[in-house]
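Colleague: Please show me the complex, and then take me through its contacts by question and answer.

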2 protein chains.
Amino acid sequence: MPTTEESDERPAPRRMRADAQRNQEKLLAAAAEVFASAGVDAPIRQIAAKAGMGVGTIYRHFPTRSDLVVAVFHHQIEECAQAGPRLLADADSPFAALHRWVDLFVDLLVTKHGLAQALQSDSSRFAPLHAYFLDRLLPVATQLLDAAAGADEIRSGTHPYELLRGIGNLCIGHDDDPRYAPRRLITLLLQGLRRPGPT
Amino acid sequence: MPTTEESDERPAPRRMRADAQRNQEKLLAAAAEVFASAGVDAPIRQIAAKAGMGVGTIYRHFPTRSDLVVAVFHHQIEECAQAGPRLLADADSPFAALHRWVDLFVDLLVTKHGLAQALQSDSSRFAPLHAYFLDRLLPVATQLLDAAAGADEIRSGTHPYELLRGIGNLCIGHDDDPRYAPRRLITLLLQGLRRPGPT
DNA sequence: CGACAACCGGAACAGTGCTCCATTTACTTT
DNA sequence: AAAGTAAATGGAGCACTGTTCCGGTTGTCG
């Protein structure tokens, strides 16, 4: 057993060939750049050109476009997920934590152009992206919502999935229309979540 | 001056040729059918096949896909627009009228498959549809919102355009996910609009 | 060093949207 | 009624997609 390797788990019998590794990194960098400038629907050929490789190579590494998107945004999604519990511990109230986390979530969708759009976009493409998003973020949203409901700050019975998806939807189109500021509506939505005064 | 003609205004020097008229009607019927079954992004060729004509004819009548969509949904959009003032006159309160009208609006988006998606979908395509929608529906929304604000039922300062667009966004993807029911969120949003208790 | 498997690139195929123009067809004029 | 004219047609053609496939190349290991 060679000792020069990192301690990463390695399920495959053989590690990736060095050139393949390099190419994958180049590809991810190029894809991130193209996604940012031309959206997640940018032509594969354009990404291939920017990365200096053929389209076959891209399909070899990432069979579906969704896989590529997941790989590119993996880091940011992870950060957002991990911020949830931290906010819950630090904020003044569960609702405040929820509000801040939603802000972070919106940041994620708004900063990375086209991510919001990709998250629904016909729903059949991008299925793996959808799945990963949910797998990672739904538990966090559930935890925050439960905490706020437990503290009696919001009405109970809100579906975390629905909220996440709704917020995602509201973020669509924020950058091709200055009149549309999703955050205002999202604040409104969170207000609507608050338990109405004791009656 | 011939007297056998209807009294329609006729800005063009010549009225449409009879065969063209017939074709346009066949086309609209076929398009409505295809849109309903395959969404507004259905291939033009498919619509042409169903209507029994070449794609050239379609492009002649409706230069952009958006024009075709507008023509197909013209009637329903008009109905929704006209319902606004009526509801305002009939309902118990302006807010109730607003709520009902929003329900109608959601019906429009949810019943006609893909309409909601078309309304944002990259925003560059479908620009005429967008424009027509706004031209017709924005005044209605403004009127309802103003009335509710005037009655002190909701906070003032809400942007009608933003609300319309937000609701439209929330309606996306309702039919490919049973877990997602836009109406619940929209009700929440309207709740958030209500003026908080006097403070 | 050689052999072999992993890897690469892009040619090729199958759908798209949209344009263009030779041909057909309805309306008008004589 | 017949001929002339302009509107209308429809599909071939072009440009651009996503995706597959395989001959040639290049790391890696014995």
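The exchange below covers the two DNA strands and then the protein interface.

Modeller: This is a predicted model, in which local features need pLDDT of at least 70 and side-chain atom pairs count only at pLDDT 80 or more, while totals for chains, interfaces and linings use all residues. Residues are numbered from 1 along each chain as its sequence is written, chains are lettered from A and ligands numbered from 1 in the order in which they are written, and side-chain values use heavy atoms, with hydrogens and water left out.

Colleague: Which helix gives the most to the surface near DNA strand C?

Modeller: A residue is near a strand if one of its heavy atoms lies within 4 Å of it. By that rule 25 residues surround DNA strand C, and Arg17(A) and Asn23(A) are among the closest. Helices are DSSP runs (H or I, at least four residues), numbered from the N terminus. With five residues, the top contributor is H3(A).

Colleague: Which residue has a side-chain N or O atom 2.7 Å from a base nitrogen of DNA strand C?

Modeller: A polar contact is a pair of N or O atoms within 3.5 Å; within protein, one must be able to donate a hydrogen and the other to accept it, and residues adjacent in sequence count only if both atoms are side-chain atoms. Phosphate oxygens of DNA strand C lie 3.1 Å from a polar backbone atom of Ala18(B) and 3.1 Å from a polar side-chain atom of Tyr59(B). For the base nitrogen, the residue is Arg17(A).

Colleague: Which residue has a side-chain N or O atom 3.1 Å from a base oxygen of DNA strand D?

Modeller: Of the atoms of DNA strand D within 4 Å of the protein, 57% belong to sugar or phosphate and the rest to bases. Phosphate oxygens are approached by the side chains of Thr57(B), at 3.0 Å, and Arg65(A), at 3.4 Å. The base oxygen is approached by Arg45(B).

Colleague: How many salt bridges does the rule find across the interface of chain B and chain A?

Modeller: Chain B and chain A bury about 2,600 Å² between them, where buried area is the accessible area (1.4 Å probe) that two parts lose on being put together, summed over both. A salt bridge is a side-chain nitrogen of Lys or Arg within 4 Å of a carboxyl oxygen of Asp or Glu. One such pair is Arg165(B) with Asp177(A), whose closest N and O atoms are 3.2 Å apart. Across this interface, the number of salt bridges is four.

Methods. Helix = DSSP H or I, 4+ residues; strand = E, 2+ residues; numbered from the N terminus.
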